Amino acid sequence: MKPVNVTDETFAEEVYNSDKPVLVDFWAKWCRPCLMMAPVLEEFAEEYADKIKVAKLDVDENPVIASKYRIMSIPTMGVFVNGKMVDKVIGFMPKEHLVEKLSKYLK
């Protein structure tokens, strides 16, 4: 399953109401590390689709949610469980490191 694009308007439905953890990638089109992270997240989303949902939120087009969670650096990947941000990862990382960092949400 590919990452789902979310907006300020669809965030509650896609993230808060999800029945499994959601990894939200806060990104922007001009951000080089964000663009490097995109294929990593696509591969991660495919591999762990049964355990975690992956969503992408463009911070330039959706400033309300980005501001609510005080996203200061991108890429930032926030982990949401039961509608609350419980963890976050900042910056580019290879898939193996992402899997290791998020292992407790992939069980």
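Ring pairs link Phe 11, Tyr 16, Tyr 69 and Phe 80 into a cluster. The structure described here is a predicted model, and a search of the whole of it finds five aromatic pairs. Two of these pairs are set out below.

| Aromatic pair | Distance between ring centres | Angle between planes | Class |
|---|---|---|---|
| Phe 11 and Tyr 69 | 6.3 Å | 40° | tilted |
| Phe 44 and Tyr 48 | 5.1 Å | 40° | tilted |

Phe 11 belongs to helix 1 (residues 11–16), whereas Tyr 69 sits in the loop between helix 3 (63–68) and strand 4, so their contact ties together parts that are 58 residues apart in sequence. The relative accessible area of Phe 11 is 0%, and this residue is therefore buried. Tyr 69 has a relative accessibility of 16% and also counts as buried, because the cut-off for that class is under 20%. In the other tabulated pair, Phe 44 and Tyr 48 are both buried.

**The sheet**

The strands form an open sheet of five, in the order 1-3-2-4-5, and their pairing is mixed. The edges are occupied by strand 1 (4–5) and strand 5 (84–90); each has a single partner strand, so one side of each is left without a neighbour in the sheet.

How is strand 2 covered on its two faces? Val 22, Val 24 and Phe 26 on one side are all buried, as are Leu 23, Asp 25 and Trp 27 on the other. Strand 2 spans residues 22–27, and six of its six residues are buried.

Strand 2 pairs with strand 3 (residues 53–58) in the parallel sense, over six bridges. Within this pairing, Phe 26 has Leu 57 of strand 3 as its bridge partner. Between these two strands the chain passes through helix 2 (residues 32–47), and the resulting β-α-β crossover is right-handed.

With strand 4 (residues 76–81), strand 2 pairs in the antiparallel sense over five bridges. Opposite Asp 25 in strand 4 stands Met 77, and opposite Val 24 in strand 4 stands Gly 78. Asp 25 and Val 24 lie on opposite faces of strand 2, and both are buried.

**Helix 2 and Leu 41**

Helix 2, the helix of the crossover between strands 2 and 3, contains Leu 41. The relative accessible area of Leu 41 is 0%, which means that the residue is buried. Pro 63 comes 22 residues away from Leu 41 along the chain, and the C-alpha atoms of these two residues are separated by 22 Å.

**Internal space**

Rolling a probe the size of a water molecule over the atoms shows where empty space is left. Across the whole structure, the search finds one cavity of 30 Å³ or more. How much space lies in the largest cavity? The value is about 40 Å³.

The lining of the largest cavity is made up of Met 1, Lys 2, Ala 45, Ala 49, Ile 52, Lys 53 and Val 54. Sorted by class, this lining has five nonpolar residues, two charged residues and no polar residues. The two charged residues are Lys 2 and Lys 53. Among the lining residues, Ala 45 falls within the range of helix 2, residues 32–47, while Lys 53 and Val 54 fall within that of strand 3, residues 53–58.

Definitions and conventions:
Residues numbered from 1 in each chain as written. Predicted model: local features only at pLDDT ≥ 70, side-chain atom pairs only at ≥ 80, totals over all residues. Heavy atoms only, no water. 1 Å grid on protein atoms, 1.4 Å probe; cavity = no way out; pocket = protein on both sides within 12 Å on 5 of 7 lines; lining within 4 Å. Points joined across faces, edges and corners; volume = space filled by probe spheres on them. Buried < 20%, exposed > 50% of the residue type's maximum accessible area, 1.4 Å probe, protein only. Helix = DSSP H or I, 4+ residues; strand = E, 2+ residues; numbered from the N terminus. Pairing = 2+ DSSP bridges. Right-handed = clockwise from strand over helix to strand, strands pointing away. Phe/Tyr/Trp six-rings, centres within 6.5 Å; stacked < 30°, edge-to-face > 60°.
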